[in-house]
Amino acid sequence: MVYADYEYYSKTYLGKLSQEIFNSLIIKASREIDKNVNTVITQEKINNLSNEAQDRLKYTACALTDLINKKQESDSKKISSYSIDGVSKTFKTISTEEYKTSKKSVLDFLPDELTCYL
């Protein structure tokens with residue numbers, strides 16, 4: 001089960017990924033949330049959450065999707081900088097440690113009602 005759809009991502013969260021990329025990464029983001037609350041969050045569990053908690057779950061899933069995309073783009077770069085005739089370009093890459101720290105910050109936004117599964 002995925003915890004946010006593209007309509008929420010593009011219209012409420014205001015994300016910039018294409019629908020194709022979002023659809024492939026939201027699955028990874030949702031599984032990462034499952035890992036961090038130590039359960040698969042079923043539709044029944046979601047329905048028992050308050051509206052605010054449901055929104056926080058969707059928002060967290062979207063933020064995590066963006067973070068996963070950023071890490072994948074960073075990992076796919078073969079070089080981090082180059083210089084030609086005095087003109088240089090440096091690409092911002094995200095380290096594994098920065099990714100872990102950012103992921104923890106994103107996951108800290110999950111609703112408190114989901115921590116009962118830990």
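Glu32 is buried, with a relative accessible area of 12%, and in this predicted model the residue takes part in a salt bridge with Lys35 and in another with Lys103. The briefing below starts from these charged pairs, then turns to the packing of helix α4 against helix α5, to the largest nonpolar core, and to two loop residues whose phi is positive.

**Salt bridges**

- A search of the whole structure finds 4 salt bridges, and three of them are described here, namely Glu32 with Lys35, Glu32 with Lys103, and Asp108 with Lys104.
- In the pair formed by Glu32 and Lys35, the closest N and O atoms are 3.4 Å apart, and both residues belong to helix α2, where they stand 3 residues apart, about one turn of the helix.
- The two partners differ in their surroundings, since Glu32 is buried at 12% relative accessible area, whereas Lys35 is exposed at 61%.
- Glu32 also meets Lys103 through their side chains, with a distance of 2.9 Å from N to O, and this pair links distant parts of the chain, as Glu32 lies in helix α2 and Lys103 in helix α5, 71 residues apart.
- Lys103 has a relative accessibility of 18% and therefore counts as buried, because buried means under 20% relative accessible area.
- Through shared partners, the salt bridges join Glu32, Lys35 and Lys103 into one network.
- The side chains of Asp108 and Lys104 form a further salt bridge, at 3.3 Å from N to O, and Lys104 counts as exposed, with 53% relative accessibility.

**Helix α4 against helix α5**

- Helix α4 covers residues 51-76 and helix α5 covers residues 96-107, and their axes come within 9 Å of each other and cross at roughly 170°.
- The two helices are therefore roughly antiparallel to each other, because angles over 145 degrees count as roughly antiparallel.
- On the α4 side the contact is made by Thr60, Ala63, Leu64, Leu67, Ile68 and Lys71, which meet Thr96, Tyr99, Ser102, Lys103, Val106 and Leu107 of α5.
- Sorted by class, the residues in this contact are 7 nonpolar, 3 polar and 2 charged.
- Lys103 thus appears twice in this briefing, once among the α5 residues that meet α4 and once as a salt-bridge partner of Glu32.

**The largest nonpolar core**

- The largest nonpolar core holds 29 residues, and within this core Ile33, Ile41, Leu57 and Leu64 touch the most other members.
- At least two residues of the core come from each of α1 (6-11), α2 (19-37), α4 and α5, and the largest share, 8 residues, is supplied by α4.
- When neighbours within four places in sequence are left aside, Ile41 is in contact with Met1, Tyr3, Ile33, Asp34, Ile46, Leu57 and Leu114.
- Leu64, which is listed among the core residues that touch the most other members, is also one of the α4 residues in the contact with α5.

**Loop residues with positive phi**

- Leu14 is not a glycine, yet the residue has a positive phi of about 65°, and Leu14 is placed in the loop between α1 and α2, where the residue is exposed with a relative accessible area of 55%.
- Asn38 likewise has a positive phi, near 65°, in a residue other than glycine, and Asn38 sits in the loop between α2 and α3 (43-47), counting as exposed at 55% relative accessibility.

Conventions:
Residues are numbered from 1 along each chain as its sequence is written. This is a predicted model: local features need pLDDT of at least 70, side-chain atom pairs count only at pLDDT 80 or more; totals for chains, interfaces and linings use all residues. Side-chain values use heavy atoms; hydrogens and water are left out. Axes are lines fitted to C-alpha atoms, for helices over the stretch in contact, and angles run from 0 to 180 degrees between N-to-C directions. Helices (H or I, at least four residues) and strands (E, at least two) are DSSP runs, numbered from the N terminus. Angles under 35 degrees count as roughly parallel, over 145 as roughly antiparallel, 65 to 115 as roughly perpendicular and the rest as oblique. Contact means heavy atoms within 4.5 Å. Ala, Val, Leu, Ile, Met, Phe, Trp, Tyr, Cys and Pro count as nonpolar, Asp, Glu, Lys and Arg as charged, and the others, Gly among them, as polar. A nonpolar core is a set of buried Ala, Val, Leu, Ile, Met, Phe, Trp, Tyr and Cys residues joined through side-chain atoms within 4.5 Å. Buried means under 20% relative accessible area, exposed over 50%, partly exposed in between (1.4 Å probe, protein chains only).
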